[in-house]
Amino acid sequence: MSDATENTINDLMAEYLRKHDLNMVTQMSSQLFYGRRQPDFELRNTITLYGEGEWLDSYLDGYNQAIEYGDIAGASGYFLIGYPDQLKDRVRQQRLGEIKPELILSGVEYRGMLKIRDAPVRLFHGQVERIVEWLHKGLTGQKGFEDPLEFVRLMGDVVGRLTEYLPKVGKFHGDVLFEHIIATIPKGKGEIEAARRAAAYLLLNQIVFYRILQASKQDGQNPRYPPIKGDNLTLPKELKQNYFDKVLQDDYQAIFDFDVASLFPQRSLQYIRYILRVIENLQPEQFTRDLLGNIFHRLIPIEVRKPVAAYYTNPMAARLLAKLSIDDPNIKVADFACGSGTLLMAAYDQKAALLRSDFTEQHHRQFIERDLTGVDIMPFAAHLAVVQLALRNPAYWTDKVRIAVYDSTLLRPGSIISSLQKVMPRGQARLAQFLTGETEGSKVQEGALSAAGAGKGFTVESVDLVIMNPPFTRKRHVAKEFRSMLSERFSDYAKRSNKEMNFFAYFILLADRFLKKGGRMGMVLPAAFIQEQSLMGLRQLLYEKYNIEYLILSGWRSAFSEDTSFREILLIARKGVITSILKRTFTAPDAAGDQHQEMMVSSVELDRFSNLMDWRKLIPGEETTLTYPHSNVLSKLGELVPRTIQGIRFHSSSDSVNPKNTLLSRQRPVRTRVEWLILRETEQFIEARNEKTAIEVRVPKNVVMPATRSASGMETIEVTTPYDYVVAGRFRNDEAFWDEKNPSETLRKRLSHIHSREAFMVVAGYGNIDLTSPGTCLLAFVSPFPIVPTWSLWSFKIQSFEKARVLALWWNSTFSLAHLLNVRTEVRGSYMHWGQKAIEETLVLDEDKLDDTSRKKLLNVYDFVCHVQFPSLLDQLRTEFHSRVEIDTALAAAVGWKKYSDLQGLRSLYSDLLVRLEELKLMMGRD
């Protein structure tokens, strides 16, 4: 983009701000040239500021330039406004003479920095309307909205640029880096890139943390450490030698002991000097409330954190959870998956807020040294928890904290955690490892921490509150051997648990194990907890032993954690205090966002818990308005379909059904993953090309079976031309297709598996499906020949194609859609699936209970709509699509629901469902 176009935005911004009483001008006198450039803006409102306008893709360059404007004679400060790329297209599409600033500048997100001499920097992120308030409050010194997350965004920009200075080959001491951070090493294609970004993050973290320590006063007067003089650095490694090692003489080994600066080449020195200048300008000490943990979780690559499900609890959600869980400043609190300490810090703040006296050093020491306990498996995160808690009140420094690196599933009340040391992991090890000395390389950190590294050991006792956001690792990502060990560790809960549970479930058991009678658990959990059949035992445990005080869902976005979009809840329950009424159940419209909206509160009879498999029904607004009226022609699906089973286990690690050598696929109207794309098809052969290698094969029709890999893009109820084919036999010149040593053995394992899944009817929703996607048109499909679905679909093992037709009409009806929304397992927003129990309990039209006239009418409707191309579900509801209306009115007549026998009666149902789906879609868009 040329400077002229950028200047156009500057002029529009200045015009907009002038309309809001900000005396902003552009195109200043050449006498104001400073350095390499002239300031873009001059702002005169009682004081004079000079500013820079910059596209976001070069925002860091603009930051550096804006800082220089602070040295212009007469300047009281400087500012920067970052422009999103969308403005480029808007300007191109307008005739400049007719441009109105409001039309061009509204509806997009800007970034900004404002620095007035002798005042803290003010960071901004938001729309143009809020820029006005941001500048006015900055100019007048008023306390305004601050955005500490903008600091994290800026640090993300720095890490991205800093990473570029590291070479793209080599290990960068990767093993040590990752052990230092999360006690595990990511494997695969992205390992080197993850190591580069982790190294950049660690260096930035050291610089930021040094600044925070340097800014604190040792005796109330003098800085504890000297400021870093960037101009005096001649080598990157001098950061550690000349500055970080001074801190190590005192403590903070966890932060500064690793010499990451020496990994950076000499050519990075100038940029490191620039970083130092930016950090000095930002004064990160003003953001310490939630800063360090937020930076850790946002800037460490997701590839590094994902193996251990390390996600960061939103600070507002943490404070909400603490406020609702803590009503006494003297309670003892434990977090057995503490991460960088966000929930423990929220607990600290809530305990302090409840004090009836002024906060003293004695209170700080009581909280830190005795009341708050944290355990995490990730070393660096646990070290950050130590530092953040110790700095919660810097005036009262203490190095005695109850934080440990440990596998908390091993703990019981009375367990002793020793000082930090190297130990063998708690899994299995081969005997040969001990003979060859390999065990030394396998050891991990374990034990109590302090800011200096190793801390004093402590005993883990029962507590008044367990507050946690446990790892949500799915069952299939937990090694079979470790699952067996978990079963042994929680054998006393054998009646409540099972091997199908995801990892987080064991932390609910752990909370129960450590809670005193009358104590509370306050948990961030996946929403699946209140629904999934495999967790019924845990829900029954809570029903029998706890008073469930709060179930909270956010209506703003899916999750209470950052970097994840899985639907989450907050659960608060008190142990052993059973009352006749559930205290409160409510939805928090914006509990995880920045806005504060009134929460809906309702009471629920506790007895309703006992007979409910799905606790979602207790949450106001979570059900659609439709409830099935009684009908003699409805039966449970499980009574009609002999077997309901998931599709073929289609996975890259499978030894029989692998993406690379299983399916031949057509190109669909919407994007789907394809390994072998069908190029041509005749009566005898299918010609296909591998999308990765470009190899082409010619596969005889007699060695393939009809299949489908996804409901996405399937627009007709009846499948007459297969979307995909499963290769079920050898063929001539097939070596390149199989790409393995023993294809015949693979086929031997494959055939029984795929034959067990083929069916005349397949249904979306075993794997996750987005009901608001443009490619989601229908939920059930039938075929005159058996088809094989993959694991994203359910296979309904119905006796014949003829029997499947009426059932397919029902499953694709609006009545079924409303019910499926009610019993969904929500992953995020409109992205969901359905469990087997929920499906088998679903009431459906029983064709055998119909009279001949009704059956004939429905089959006529089927013949009329089975080959119609349906638009997306949203469009069907929005436009009252004729074939959907035809299905719904015919089914309503068959079951005797007169209310829905015509379009007029269906309209309210369509409208309700459309609103609900669009709300879920909007929520998913905020994730």
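**The β-α-β unit**

Select residues 47-55, 59-69 and 77-83 in this predicted model. Strand S3, helix H2 and strand S4 form a right-handed β-α-β unit. Within this unit, S3 (residues 47-55) and S4 pair in the parallel sense over 7 bridges. To view one of these pairings, select Gly53, whose bridge partner in S4 is Ile81.

**Strand S4**

Keep residues 77-83 selected. How many of the residues of strand S4 are buried? The count is 7 of the 7, so the strand is largely enclosed by the rest of the structure. Next, colour Gly77, Phe79, Ile81 and Tyr83, which point one way from S4, and then Tyr78, Leu80 and Gly82, which point the other way. This pattern has a general background: in a regular strand, side chains alternate between the two faces of the sheet.

Now add strand S5, residues 110-116, which runs antiparallel to S4 and is joined to it by 6 bridges. Two pairings may be picked out here: Gly77 has Ile116 as its bridge partner in S5, and Phe79 has Leu114.

**The sheet of 6 strands**

Extend the selection to the whole sheet, which is open, with mixed pairing and the order S1-S2-S3-S4-S5-S6. Its edge strands are S1 (24-25) and S6 (122-126), each of which pairs on one side only. Helix H5, residues 128-140, packs on this sheet and touches S1, S2 (41-45), S3, S4, S5 and S6. The direction of H5 makes about 5 degrees with that of S5. Return to H2 as well: this helix lies across S3, S4, S5 and S6 and runs at about 160 degrees to S4.

**The sheet of 10 strands**

Move to a second open sheet, of 10 strands, with mixed pairing and the order S22-S32-S29-S31-S27-S28-S23-S24-S25-S26. Strands S22 (644-646) and S26 (696-700) stand at the edges with a single partner strand each, so one side of each has no neighbour in the sheet. From one strand to the next, the twist averages 40 degrees.

Within this sheet, select S23 (residues 663-665) and S24 (residues 676-681), which pair in the parallel sense over 2 bridges. Ser665 has Leu677 as its bridge partner in S24. Then add helix H26, residues 743-755, which lies across S27, S28 and S31 (780-789) and runs at about 135 degrees to S28.

**Arg709**

Select Arg709, in the loop between S27 (704-708) and S28 (724-727). Is this residue buried or exposed? Arg709 counts as buried because its relative accessibility is 8%, under the 20% cut-off. Among the residues that Arg709 touches are Phe650, Arg668, Glu675, Asp724 and Leu793.

**The nonpolar cores**

The largest nonpolar core has 76 residues, and those with the most contacts inside it are Met761, Leu771, Phe796 and Trp811. Helix H27 (residues 801-811) supplies the largest share of this core, 8 residues. Centre the view on Met761, which touches residues including Phe781, Trp794, Phe796, Leu807 and Trp811. Apart from this core lies another, of 59 residues, among them Ala75, Val121, Ala200 and Ile207.

**Confidence**

Finally, colour the chain by pLDDT. The mean is 81, and 78% of the residues reach 70 or more. Residues 427-440 stay under 50, and the model has 10 contacts for them beyond four places in sequence. Residues 583-603 are also below 50, with 67 contacts beyond near neighbours in sequence. Where pLDDT is low, the predicted coordinates should not be read in detail.

Notes. Residues numbered from 1 in each chain as written. Predicted model: local features only at pLDDT ≥ 70, side-chain atom pairs only at ≥ 80, totals over all residues. Heavy atoms only, no water. Buried < 20%, exposed > 50% of the residue type's maximum accessible area, 1.4 Å probe, protein only. Helix = DSSP H or I, 4+ residues; strand = E, 2+ residues; numbered from the N terminus. Pairing = 2+ DSSP bridges. Right-handed = clockwise from strand over helix to strand, strands pointing away. Core = buried A, V, L, I, M, F, W, Y, C linked by side-chain atoms within 4.5 Å. Contact = heavy atoms within 4.5 Å. pLDDT = per-residue confidence, 0-100. Axes fitted to C-alpha atoms, helices over the stretch in contact; angles between N-to-C directions.
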